[in-house]
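The following exercises concern a single protein chain and its ligand. Please work through each task with the sequence and the coordinates at hand before reading its solution.

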Amino acid sequence: MTDGAGLTIRPMQAGDVPRVMQIADGLSHAPHWPASAYESALNPNAQPPRVALVVEALESETVAPSGPEPGTPSSAGVLGFVVASLVAGEAELESIAVATEAQRRGLGGRLLHELVAALRQPGVTMINLEVRASNRPALGLYAWHGFRETGRRVAYYADPVEDAVLMGLDLGGHKWLQNCDSGHGGCGSCGKSTALK
Ligand SMILES: CC(C)(COP(=O)(O)OP(=O)(O)OC[C@H]1O[C@@H](n2cnc3c(N)ncnc32)[C@H](O)[C@@H]1OP(=O)(O)O)[C@@H](O)C(=O)NCCC(=O)NCCS
């Protein structure tokens, strides 16, 4: 899916993994997975199955005319990613990250939006996640997109020791996600906008 701003969200591919790891490694709050974990996430036969998406700037905006064909997707333009696993009708949002220089422009929200659209198809009813209690950007992102706190795990994280906030999004109860056409003009049911800022 490509928009007028020259951004596209698509399934992660093996060639994206180095750039995805580079983004994660630059962010203290992002899980720092080894390449093998991403490769497993991309294996359609792996258990549990996973959905992995990237958001990228189109090649035509990022390379000189002598480069590849304009508009050809390239991991060089990947700005963020999201990974979720699927178990027994529920999804676990395992990782979401946007490169530092591209944050606060709506990309995290768009990744979440497309993830939910992708998860609706296998009939997932709930998306769960856990996040450090001090991670204000992530807590803000999740709350803005309809996730609600469902519990806490005390001292769940190490280095530093910190509580995990458990959050969930009930897909069946969130009409925004049912009614929105996955474009980015806003969501009529609840008034939330996913437009690029
Ligand atoms: C969390 C993260 C993915 C958000 O990505 P993003 O592209 O900046 O998010 P968006 O621009 O879509 O922001 C959407 C909303 O999230 C909240 N938010 C995002 N960044 C925020 C910040 N720095 N402080 C407070 N709220 C923030 C706001 O509600 C924001 O809406 P607003 O800009 O209208 O106020 C990004 O900050 C990130 O990569 N963080 C490091 C990795 C991480 O913590 N991942 C989550 C744990 S796995």
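**Exercise 1. Locate Pro48 and Pro160, and describe the peptide bond that precedes each.**

Solution. Pro48 is found in the loop between H2 and S2; helices (H or I, at least four residues) and strands (E, at least two) are DSSP runs, numbered from the N terminus. The model is a predicted one, in which local features need pLDDT of at least 70 and side-chain atom pairs count only at pLDDT 80 or more, while totals for chains, interfaces and linings use all residues. Residues are numbered from 1 along each chain as its sequence is written. The bond from Gln47 to Pro48 is cis, with omega near -5°. Pro160 belongs to the loop between S6 and S7, and a cis peptide bond with omega of about -5° joins Asp159 to Pro160. As background, most residues other than glycine have a negative phi, and most peptide bonds are trans.

**Exercise 2. Examine phi at Ala88 and Ala155, and decide whether each residue is buried or exposed.**

Solution. Begin with Ala88, which lies in the loop between S3 and S4. Its phi is near 50°, a positive value in a residue other than glycine. Ala88 is exposed, because 7 other C-beta atoms lie within 10 Å. The criterion counts other C-beta atoms, placed from the backbone, within 10 Å of the residue's own: 20 or more for buried, 12 or fewer for exposed, and partly exposed in between. Turn next to Ala155, in strand S6. Here too phi is positive, near 50°, and Ala155 is exposed, with 10 other C-beta atoms within 10 Å.

**Exercise 3. Describe how strands S6 and S7 are joined.**

Solution. First, establish the pairing: S6 (residues 148–157) and S7 (residues 162–170) run antiparallel and are joined by six bridges. Two strands pair if DSSP finds at least two bridges between them. As one example, Arg153 has Ala164 of S7 as its bridge partner. Second, consider the connection: the two strands form a hairpin with four residues between them, and Asp159 in the turn has a positive phi of about 50°.

**Exercise 4. Characterise the surroundings of Met167.**

Solution. Met167 has its place in strand S7. With 21 other C-beta atoms within 10 Å, Met167 is buried. Leaving aside neighbours within four places in sequence, its contacts are Leu129, Val131, Tyr142, Phe147, Arg148, Glu149 and Thr150; a contact requires C-beta atoms, placed from the backbone, within 7 Å. Met167 and Ala143 are 24 residues apart in sequence, with their C-alpha atoms 8.8 Å apart in space.

**Exercise 5. Where do the buried residues of helix H1 lie, and what do they pack against?**

Solution. The buried residues of H1 (residues 17–25) are Val17, Arg19, Val20 and Ile23. They cover an arc of only 165° around the axis, so they sit on the same side of H1; the arc is that of the directions from the helix axis to the C-beta atoms. The face turned away from this buried side carries the exposed residues Gln22 and Asp25. The buried residues of H1 pack against helix H2 (35–41), strand S2 (50–57), strand S3 (78–87) and S4.

**Exercise 6. Determine the pairing and burial of strand S2.**

Solution. Strand S1 (residues 7–11) runs antiparallel to S2 and is joined to it by five bridges, one of which pairs Thr8 with Glu56. S2 and S3 also run antiparallel, with seven bridges between them; Val54 has Phe81 in S3 as its bridge partner. Seven of the eight residues of S2 are buried, so the strand is largely enclosed by the rest of the structure.

**Exercise 7. Which elements supply the shell around the ligand?**

Solution. Strand S4 (90–98), helix H4 (107–120) and helix H5 (136–144) each supply at least two residues. H5 gives the largest share, six residues. Of the 23 residues around the ligand, His29, Gly108, Gly109, Pro137 and Gly140 come nearest; a residue counts as near if its C-beta atom, placed from the backbone, lies within 6 Å of the molecule.

Methods
Two residues are in contact if their C-beta atoms, placed from the backbone, lie within 7 Å.
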